[in-house]
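Q: I am new to this structure and would appreciate a close look at one part of it. Please describe the enclosed space inside the model and then the parts of the fold that can be described alongside it.

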Amino acid sequence: MINLDTIDATVSRGPYSDNWESLSNAQTPDWFPKAKFGIFTHWGLYSIPAYRNEWYPRNMYIKDHPEFRYHQKTFGKQYNFGYKDFIPLFTAEKFDPDQWLDIFHDCGARYYFPVSEHHDGFQMYKSDLSVWNAYHMGPHRDLLGELRKSTLTHGLHFATSNHRAEHWWFMGNGRNIHSDIGPGQKRGDFYWPAQPEPEDQFDWWSRPYPSEEFLNDWLLRVCEIIDNYYPELLYFDWWIQHEAFKPYIKKLAAFYYNRSVEWGHPVSICYKDDSMAWGSGIVDVERGGMNISQPFVWQTDTSVARNSWSYTNNLDYKSLSELLSILIDTVSKNGNMLLNVGPKADGTIAEQDQDLLAGIGAWLRINGEGIYNTKTWKIAQEGPTVPMSGAFSDQSRQEWSSQDFRFTARDGAVYAFCLNPQGKEFLTVTAFSRHRDSRRSVFHGIVKKVEQLGFGSVAYDRRDEGMIIKPHYSVSTGALNRLGSDIPLGFKITLE
């Protein structure tokens, strides 16, 4: 069983110390910049009501909130049926990890991030630190362990995320009403510590200040996951940026990175909002991207739906073309896309989620050589559409045109992706203009041939205004075959 002495001893042995000077020397695993595409899943007790989003456990205790009203109408008063009463209903009776990983493998993902514990405090794994977990209650299965085993069997890299930091205040609203969350919550209780919620969740000095007892519990829980499940990546949500977490995240990172040296394979931590020092982990942008190419590898985590990370009965799904465009745009700017799906409470993955993942997989089987193992080119993009940038920029759909291209490079070739060909008979790539004026032309070399991925050689003509390509739309692409002309097209430009 993990304890603070074990953590301290591991940190003291090195080679990494619990300070930013040391941790900023950590290296990103070699496989990560090559992988480009991973899958995220949010699954837990909140999947049972399947109402609005995964913040149901917080919102059901806020008077006059939609979840509050829905809960009383559907399940009863909060003092008779609280959030903990969903646990016996969470049996995951149809959960088959191999079915999940068949889907994730076939969609072209190279790594997988299941959530180990969300803000609600229910652990999806076997734990010696709390009985409020899926092994001791609910389905009575080590869900994280089963997913790890299947992930490795399918040849994907296993990672996991932990969102417990916000549990400091996440259930605190239950104290403001007559509910099953009463005073006197103590360590070991499911709802503990249920502190008052900050007025500003992005106030990194908010009060009440997280206690040493809670912070040590957070540290122990994450280190237990590290020692028992050997994740190659960890991911933390935004609230570890709070000042109180600073010494603990440093100690956690040193423990994790030192463990990786013992294991003999590199690991890293994905973080948001500058919660870690530059170079000590992988920068993550939630539901958004970058408007220009970056000199550092980064990741966007986004979801198949705009309005929730977990499965609900009213998901606002993105289209396949939108998801593919996000992937291409991200990769062209030196990033990876971590795409979330929310399984249903019974352990099945919704049909529409499966359809979207199947479409991505079909597209990647044709176009993957221009995605995986690629590097950024001298420019990432061209076209009239100004790309959205920053966190939560995916809340509205970006509309692309047939003039919007993204570029990658691999093995001496350049790959050009038209984000929305719109069925055009000819497409123009201005970066490959033959014009000798360097201000009007990006590429000044010799093009040997142009191929459309999945089809073969296509006719092209380099003119002063750009390289004119005649695309083909009759490629048989399985899951893509029934879709329209807004699906991105990929072209391989071989140089002399």
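A: Helix H11 contributes the most to the lining of the largest cavity, with 5 residues. The model is a predicted one, and by the rule applied here there are 5 cavities of 30 Å³ or more. The largest cavity holds about 250 Å³ of space. Its lining is made up of 19 residues, and those closest to its centre are Ile 326, Asp 329, Met 388, Ser 393 and Gln 398. Two elements give two or more residues to this lining, namely strand S8 (298–303) and helix H11 (320–332). By class, the residues that line the largest cavity comprise 4 nonpolar, 9 polar and 6 charged.

The description now turns to the open space. The largest pocket has a volume of about 590 Å³. Its lining counts 34 residues, and Asp 237, Trp 238, Lys 272, Glu 286 and Phe 392 lie nearest the centre of the pocket. Strand S7 (residues 282–286) supplies the most to the lining of the largest pocket, with 4 residues. The pocket lining divides into 12 nonpolar, 11 polar and 11 charged residues. Domain 1 (4–286) and domain 2 (376–495) each provide at least three residues to the lining of this pocket.

A UniProt record, from an unreviewed entry, places the feature "domain: Glycoside hydrolase family 29 N-terminal" at residues 10–369. Over residues 10–369 the chain is 32% helix and 12% strand, and the C-alpha atoms at the two ends are 41 Å apart. Strand S5 (residues 233–236) pairs with S6 in the parallel sense over 3 bridges, and Tyr 235 has Cys 270 in S6 as its bridge partner. From strand S6 (residues 268–271), Ser 268 and Cys 270 point one way while Ile 269 and Tyr 271 point the other way, and all are buried.

A further part of the fold is an open sheet of 6 strands. The strands of this sheet follow the order S10-S11-S12-S18-S14-S15, with antiparallel pairing. Strand S10 (381–382) and strand S15 (456–457) are at the edges with a single partner strand each, so one side of each has no neighbour in the sheet. At the S15 edge, strand S14 (residues 447–452) pairs with S15 in the antiparallel sense over 2 bridges, and Gln 452 stands opposite Gly 456 in S15.

Within the same order of strands, S12 can be followed in detail. Strand S11 (residues 405–410) runs antiparallel to S12 and is joined to it by 6 bridges, with Thr 408 opposite Tyr 415 in S12. The hairpin of S11 and S12 has 2 residues between the strands, and Asp 411 there takes a positive phi near 50 degrees. S12 also pairs with strand S18 (residues 489–495) in the antiparallel sense, over 5 bridges. In that pairing, Phe 417 has Gly 490 in S18 as its bridge partner.

Why is S12 described as largely enclosed by the rest of the structure? In strand S12 (residues 413–418), 6 of the 6 residues are buried, so the strand is largely enclosed by the rest of the structure. Ala 413, Tyr 415 and Phe 417 point one way from S12, whereas Val 414, Ala 416 and Cys 418 point the other way, and all are buried.

Note on methods
Residues are numbered from 1 along each chain as its sequence is written. This is a predicted model: local features need pLDDT of at least 70, side-chain atom pairs count only at pLDDT 80 or more; totals for chains, interfaces and linings use all residues. Side-chain values use heavy atoms; hydrogens and water are left out. On a 1 Å grid over the protein atoms alone, a cavity is a set of points where a 1.4 Å probe fits but cannot get out, and a pocket is an open set with protein on both sides within 12 Å along at least five of seven lines; lining residues have an atom within 4 Å of a point. Grid points are joined across faces, edges and corners, and a volume is the space filled by probe spheres set on the points. Ala, Val, Leu, Ile, Met, Phe, Trp, Tyr, Cys and Pro count as nonpolar, Asp, Glu, Lys and Arg as charged, and the others, Gly among them, as polar. Domain bounds come from an automatic or database domain assignment. UniProt positions are given in the numbering used here, feature names are shortened, and annotations may be inferred rather than shown by experiment. Two strands pair if DSSP finds at least two bridges between them. Buried means under 20% relative accessible area, exposed over 50%, partly exposed in between (1.4 Å probe, protein chains only).
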